[in-house]
Amino acid sequence: MGISDFGEMTRLAKIAKPDTCVITNIGTCHLENLGDRDGVLKAKTEIFKYVKKNIVLNGDDDKLATIHDVYGKAPITFGMNKDNAIWADHIENRGLLGSRADIHMGDVLVHANIPLPGEHMIYNAMAAAAVGVQFDMTKEEITAGISHVEAVAGRSHLIEAGDKVVIDDCYNANPVSMKAAIDLLATAPGRKVAILGDMFELGENERTMHREVGQYAAEKGIDLILCVGGLSSEMYEGAAEKGGEARHFEIREALEAVLQDLLQP
């Protein structure tokens with residue numbers, strides 16, 4: 001359920017009355033309306049009032065880890081930490097091919113082959129496994145479901161374009177998702193180019209957040225950082241501060257005019 005302000009989750013949850021709620025993280029999105037991560041937490045957890053059965057939370061998230069009781073019932077938690085009900089170890093990073101991990105669910109062990117790349121996808125697999133258990137899916141069904149997952153456009157979606165590989169991860173970016181996408185790009189073999197656009201609805205600290213993303217990209221060793229948009233001038237400045245090779249374009253059309261000359265196989 002997508003929200004950007006207080007009260008919206010209440011309205012949606014009241015309509016849907018979900019059996020199960022999963023919250024993957026409390027990020028820095030829609031801060032223009034929600035103020036800070038505590039505001040994001042407050043807005044997202046409005047859903048609790050209307051959930052019929054299960055609450056599934058990322059126990060490694062510092063904000064979600066503070067929730068121990070929801071209307072008299074303990075949430076089901078997942079994460080890398082063994083204190084969680086669902087946890088993972090023996091993680092093998094396979095770069096853009098995804099990863100492998102052992103997911104522990106009480107006495108049940110799933111050897112998961114996760115075809116989508118990035119550590120955040122391991123968390124998503126654990127969340128899916130947690131839900132599968134609640135709906136009495138077998139170990140084999142959960143394993144098969146995880147191994148056959150496919151990316152949707154805008155979310156870690158790999159596109160082979162001739163002699164180049166494009167990672168399409170441009171859906172409604174915020175600093176957390178942007179850094180996760182940069183982490184993913186950093187695992188790729190060969191020359192790495194990040195084309196980064198403006199992030200919106202971040203509130204009064206938006207310029208600082210853009211600068212930090214630029215710094216992060218440079219620190220991760222991205223070979224070329226192309227920043228597009230008014231706010232992204234801060235990204236460019238941040239990347240340059242950390243010694244990254246970067247360029248800034250005020251509008252997308254200016255980048256498009258020279259992009260092919262900047263790319264290599």
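The buried residues of helix α7 pack against α2 (31-34), α6, β9, β10 (224-228) and α8 (232-241). This is a predicted model, so please hear everything that follows in that light. The buried residues in question are M209, H210, V213, G214, Q215, A217 and A218.

Does the length of α7 come out long, short or as expected for a helix? The helix runs over residues 206-219, which is 14 residues. At 1.5 Å a residue it should span 20 Å, and its end C-alpha atoms are 20 Å apart, so the two agree. After α7 comes G221, which has a positive phi, near 80 degrees.

Next, the cores. In soluble globular proteins, nonpolar side chains tend to be buried together. Here the largest nonpolar core holds 37 residues. Which of them have the most contacts inside that core? They are F48, L196 and I225. The element that gives the most to this core is α7, with 4 residues.

Take F48 by itself. Leaving aside residues up to four places away in sequence, F48 touches C21, I23, I55, L57, I67, V70 and Y71. There is also a second core, separate from the one F48 belongs to, with 23 residues. Among them are I76, A88, I114 and A129.

Now the pockets. The largest one encloses about 1,600 Å³ of space. It is lined by 49 residues, and T24, N25, K44, N124 and R155 are the closest to its centre. Which elements give two or more residues to that lining? They are β1 (20-23), α3 (37-44), β4 (86-93), α4 (119-134) and α6 (175-186). By residue class, the lining has 21 nonpolar, 19 polar and 9 charged residues.

The second largest pocket has a volume of about 1,200 Å³. Its lining comes to 37 residues, and V166, I167, V193, A194 and I195 lie nearest the centre. At least two lining residues come from each of β8 (164-168), α6, β9 (193-197) and α9 (252-262). How does this lining divide by class? There are 23 nonpolar, 5 polar and 9 charged residues.

One element to keep in view is α6. Buried residues of α7 pack against α6, α6 gives two or more residues to the lining of the largest pocket, and α6 supplies at least two to the lining of the second largest pocket. Strand β9 also comes up twice: buried residues of α7 pack against β9, and β9 supplies lining residues to the second largest pocket.

Key:
Residues are numbered from 1 along each chain as its sequence is written. This is a predicted model: local features need pLDDT of at least 70, side-chain atom pairs count only at pLDDT 80 or more; totals for chains, interfaces and linings use all residues. Side-chain values use heavy atoms; hydrogens and water are left out. On a 1 Å grid over the protein atoms alone, a cavity is a set of points where a 1.4 Å probe fits but cannot get out, and a pocket is an open set with protein on both sides within 12 Å along at least five of seven lines; lining residues have an atom within 4 Å of a point. Grid points are joined across faces, edges and corners, and a volume is the space filled by probe spheres set on the points. Ala, Val, Leu, Ile, Met, Phe, Trp, Tyr, Cys and Pro count as nonpolar, Asp, Glu, Lys and Arg as charged, and the others, Gly among them, as polar. The expected span of a helix is 1.5 Å times one less than its number of residues. Buried means under 20% relative accessible area, exposed over 50%, partly exposed in between (1.4 Å probe, protein chains only). Contact means heavy atoms within 4.5 Å. A nonpolar core is a set of buried Ala, Val, Leu, Ile, Met, Phe, Trp, Tyr and Cys residues joined through side-chain atoms within 4.5 Å.
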